[in-house]
Amino acid sequence: MNNHYMDKLTFEQYMELSKESFSGWDFGWLERTGRMAVGTLSWNYYNEVLPYVRASKSMLDMGTGGGEFLRLLQPLPRITYATEGYLPNIEVAKAALSPYGVEVIPVDEDEHLPLASEQFDLIINRHESYAASEVWRLLRPGGIFITQQCGGQNDIELNGWLGAPPPEHFQWSLSTAADQLAEQSFEILRTKAEATHTRFFDIGALVYYLNIIQWQIEDFSEARYQKPLEALHERLGKDGYLDTTCDRFLIAARKPMG
């Protein structure tokens, strides 16, 4: 019997694991294996939006991904739409949400959504870009907008470790987002901001993640960043994990009556 203790795979073996298929917007494959863990926040987005869902007759979910989160909120308002801009997710979302009577609308740009003005009592948005002016147009007077956003410092360590430029959105913050909504004449009801961490336990999990969040390092590929990735693999072998900043903020806002 070979008693040599094998504490990690080779870099190449982890790269093979990074090629696992991805569907919708569900990181469950990484989280179920425990290879990536996201720190908890002091609020829960589900609990933030659910009372408004129950009180609304019409709702829009912006950036529904594969419809994973929206399905958790059922029973949904009788009129519920979802938008999605990432092409591979659109058919996944349609298949997941059509049994609930939700129409999924493909979108190309935040400033022009193919939906009627003043159509919704509630718009929810989890980690999706948006234009404040278009949210205003789509909400009825008295309507509510609730968004949880990834701040600009989210995963910023990845850029530094790999020698990549910061992402385009690196200055995005609670104050910037709240100011934009206030300038659009929204009444800000609630805000919250917090930084926790996302922990990666192997280089394959980190590469899998970067292949999905393409906005973080726009020119990312295993081949282009192989040397710094190999250095991180060695660091993981010594330290056991790598932590990046998990930058989140929450805003609830109302479009005033009249």
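1. Rings of Phe, Tyr and Trp (its six-membered ring for Trp) count as a pair if their centres lie within 6.5 Å. On that basis, Y130, F145, W172 and F249 are linked by ring pairs into a cluster. Keep in mind that you're looking at a predicted model.

2. Overall build, quickly. The chain is made of 10 helices and 8 strands. For 258 residues, a compact globule would come out with a radius of gyration near 18 Å, and the chain's 20 Å agrees with that. Along the principal axes, the C-alpha atoms take up a box of roughly 75 × 40 × 30 Å.

3. Now the inside and the outside. What share of the 258 residues is buried? The figure is 45%. As for the surface, about 13,200 Å² is accessible, and carbon and sulfur atoms own 50% of it.

4. Contacts and charges, since you'll probably ask. Take the contacts with a separation of 6 or more: 67% of them are between residues 24 or more positions apart. The chain carries 22 positive and 36 negative charges, and the mean positions of the two sets sit 6 Å from each other.

5. Back to the rings. There are 10 aromatic pairs in the structure. Y46 and F69 form an edge-to-face pair, because their planes stand at 90°, with the centres 6.5 Å apart. This pair ties together distant parts of the chain, with Y46 in helix α3 (residues 45-55) and F69 in helix α4 (residues 68-72), 23 residues apart. Are the two partners buried or exposed? Y46 is partly exposed at a relative accessible area of 27%, while F69, at 16%, is buried.

6. The other pair I'd look at is Y130 with F145. Their ring centres are 5.0 Å apart and the planes meet at 65°, so this one is edge-to-face as well; the cut-off for that label is over 60 degrees. It links distant parts of the chain too: Y130 is in the loop between β5 (120-126) and α6 (132-138), F145 is in strand β6 (residues 139-150), and 15 residues separate them. Both rings belong to residues that count as buried, Y130 with a relative accessible area of 9% and F145 with 0%. These are also two members of the cluster from point 1, alongside W172 and F249.

7. Backbone oddities come next. Which peptide bond is cis? That would be the bond from Q74 to P75, where omega is near 5°. P75 belongs to the loop between α4 and β3 (79-84).

8. Two non-glycine residues have a positive phi. E118 has phi near 50° and sits in the loop between β4 (103-106) and β5. Its relative accessibility is 43%, so it counts as partly exposed. D155 has a phi of about 60°, and its place is the loop between β6 and α7 (156-162). How much of D155 is accessible? The relative value is 1%; the residue counts as buried because buried means under 20%. If you're checking the backbone, you have one partly exposed case in E118 and one buried case in D155.

9. F120 deserves a paragraph of its own. This residue is in strand β5 and is buried, with a relative accessible area of 0%. Setting aside neighbours within four places in sequence, what does F120 touch? The list is S58, M59, L60, Y81, L115, L138, L139 and R140. For a sense of scale, F120 and G151 are 31 residues apart in sequence, and their C-alpha atoms are 26 Å apart in space.

10. T147 makes a good companion to F120. You'll find T147 in strand β6, the strand that also holds F145, and at 0% relative accessibility T147 counts as buried. Beyond neighbours within four places in sequence, T147 is in contact with Y45, N125, Y130, F249, L250 and I251. Two of those names, Y130 and F249, are back from the ring cluster. At longer range, T147 and L87 are 60 residues apart along the chain, and 22 Å separates their C-alpha atoms.

How values were computed. Residues are numbered from 1 along each chain as its sequence is written. This is a predicted model: local features need pLDDT of at least 70, side-chain atom pairs count only at pLDDT 80 or more; totals for chains, interfaces and linings use all residues. Side-chain values use heavy atoms; hydrogens and water are left out. Helices (H or I, at least four residues) and strands (E, at least two) are DSSP runs, numbered from the N terminus. The radius of gyration is taken over C-alpha atoms; the globule rule is 2.2 Å times the number of residues to the power 0.38. Buried means under 20% relative accessible area, exposed over 50%, partly exposed in between (1.4 Å probe, protein chains only). Contact means heavy atoms within 4.5 Å. Accessible areas come from the Shrake-Rupley method with a 1.4 Å probe; for residues, only the protein chains shown count as cover. Lys and Arg count as positive and Asp and Glu as negative; His and the chain ends are not counted. The place of a charge is taken as NZ of Lys, CZ of Arg, CG of Asp or CD of Glu. Rings of Phe, Tyr and Trp (its six-membered ring) pair if their centres lie within 6.5 Å; planes under 30 degrees apart count as stacked, over 60 as edge-to-face and the rest as tilted.
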